[in-house]
Amino acid sequence: MKPMKVAVLLAGLGLTLATGQAVAQDAGMKKWTQGKGWGWVWGPDDEVGALNEMTDASRLAALRLATQGKTYDLGLPYDRQSYKWAGHSPGEIITFRSPVGVKDQKDLAFTTPEQGNTGGTAWHSNALFINDNVATQIDGLAHITHGDDNHWYNGFKEEDWSGNFGVRKADVLTIPPIVARGVMIDVAGYKNVDALPSSYEITVEDLQAALARQQVDVTPGTVVLVRTGTARYWGANGSDHDKISQHDTAGLGMKAAKWLVEQKGAIALGTDTSGLEVLPPRPEDSQAVGGSFNPVHVYLLVEQGVHILEFHNQEQLAADRVYEFAYVATTNAIRGTVAGTALRPIALR
């Protein structure tokens, strides 16, 4: 049997070849190297990062995982009371026009009976004042900066590419529509808890044990969602800040993030928390990037070009024990923003 066919067969069984170069080649990966991951490997003008690895063939293969026609809504409902990370502004949804207001104001002639609107047609519209990092979201590669020069992915610097109307490199418009194989790693389920406790560090051993229990593996090109159980407390709008905050600081440590990217080839990582990584960071993790309060974010977004998926609701996936699926997500196309915000990504099975 030819090496390519062997690799395809092994990948379908959740296995890989021995060398990273062979795995990358036979899994269709163009720039990923086992033991290294990605990095700034797509050229000096690249704003996409690891998502460059998606192809028509990989998207088609992912969609073939949808054999039942079942959809899982991974988005969490958001409003002005929703829980958020302390570093982001609150949101407000304000009625801009209402049927009563339109008819009372009479400032638009075409809405009046005298101009033919005898049936009384009116409308609702809202003004939104929200952060570009709220609820279910995708962190863009310009979200995190690092170093004295405030650089982000691929060496883009604040002094060169900031602006009055948002960033001008690696903003949300550079995130392509994501259609990829998805794997949920249910760490909370493996630990047999409703939700991981505050500041619990998810380790490589946790991920490996949960995957073995689920009988599924992460292969190169996979979007990985890790379940802590935090989203079970979101409810109608995430207004129970005290309860959510008890669990929201559980997350991936640096070793776990590196294992998923460098050894397994994940092209995006996500959790059901506001920040993906364990907080506060372990001192060794912080020092691994020269000192940071968000070292895993620096590693993934700045150094590796791997997008972060936050507040992804995995509760129904866990209830149905769905661990492999087609992951589909597109962002709101607001130029200059640094995250796809208040989203409704889906898992198809």
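**Exercise 1. Ile130 and a nonpolar patch**

Ile130 is partly exposed, its relative accessible area being 34%. Determine where Ile130 lies in this predicted model and which residues form the nonpolar surface patch that includes Ile130.

*Solution.* Begin with the location: Ile130 sits in the loop that runs between β3 (125–129) and β4 (137–139). Next, consider whether Ile130 qualifies for a patch. Patches are built from residues with over 30% relative accessible area, and Ile130 has 34%. Finally, the members are Ile93, Leu128 and Ile130, which make a nonpolar patch of about 250 Å².

**Exercise 2. A negative patch**

State which residues form the negative surface patch, and establish whether Glu159 is buried or exposed.

*Solution.* The patch consists of Asp148, Asp149, Glu159 and Asp160. Of these, Glu159 is located in helix α5 (residues 158–161). Exposure requires over 50% relative accessible area; Glu159 has 66% and is therefore exposed.

**Exercise 3. The two sides of helix α7**

Identify the buried residues of helix α7 (residues 204–214) and explain why they line one face of the helix.

*Solution.* The buried residues of α7 are Val204, Asp206, Leu207, Ala210, Leu211 and Gln214. Viewed down the axis of α7, these buried residues fall within an arc of 160°, so they line one face of the helix. To complete the description, Glu205 and Ala212 are exposed on the other side of α7.

**Exercise 4. Phe311 and its contact along the chain**

Locate Phe311, decide whether Phe311 is buried or exposed, and give the separation of its C-alpha atom from that of Thr273.

*Solution.* Phe311 occurs in the loop between β10 (307–310) and α12 (315–320). A residue is buried when its relative accessible area is under 20%; the value for Phe311 is 2%, so Phe311 is buried. Although Phe311 and Thr273 are 38 residues apart along the chain, their C-alpha atoms are separated by 4.7 Å.

**Exercise 5. Salt bridges between separate parts of the chain**

How many salt bridges does the structure hold? For the pairs of Asp320, Arg282 and Glu315, give the partner, the closest N and O distance and the placement in the chain.

*Solution.* The structure holds 15 salt bridges.

1. Asp320 pairs with Lys70, with the closest N and O atoms 3.0 Å apart. This pair links distant parts of the chain, as Asp320 belongs to helix α12 and Lys70 to the loop between α3 (56–63) and β1 (71–73), 250 residues apart. Asp320 is partly exposed at 31% relative accessibility, and Lys70 is partly exposed at 36%.

2. Arg282 pairs with Glu201, with the closest N and O atoms 3.2 Å apart. Arg282 lies in the loop between β9 (268–271) and α10 (283–288), while Glu201 lies in strand β6 (residues 201–202), so the salt bridge ties together parts that are 81 residues apart in sequence. Arg282 counts as partly exposed at 21% relative accessibility, as does Glu201 at 22%.

3. Glu315 pairs with Arg227, with the closest N and O atoms 2.9 Å apart. Because Glu315 is in helix α12 and Arg227 in strand β7 (residues 223–227), the pair ties together parts that are 88 residues apart in sequence. Both Glu315 and Arg227 are buried.

**Exercise 6. A salt-bridge network**

Which residues are linked with Glu315 and Arg227 in a network of salt bridges?

*Solution.* Start from the pair formed by Glu315 and Arg227. The network that contains these two residues also includes Asp186, Asp194 and Arg232.

Conventions: Residues numbered from 1 in each chain as written. Predicted model: local features only at pLDDT ≥ 70, side-chain atom pairs only at ≥ 80, totals over all residues. Heavy atoms only, no water. Patch = residues over 30% accessible without salt bridge, like charges linked within 9 Å, V, L, I, M, F, W, Y side chains within 5 Å. Areas by Shrake-Rupley, 256 points an atom, 1.4 Å probe, with all protein chains shown as cover. Salt bridge = Lys/Arg side-chain N within 4 Å of Asp/Glu carboxyl O. Lys, Arg positive; Asp, Glu negative; His and termini not counted. Charge placed at Lys NZ, Arg CZ, Asp CG, Glu CD. Helix = DSSP H or I, 4+ residues; strand = E, 2+ residues; numbered from the N terminus. Buried < 20%, exposed > 50% of the residue type's maximum accessible area, 1.4 Å probe, protein only. Arc of directions from axis to C-beta.
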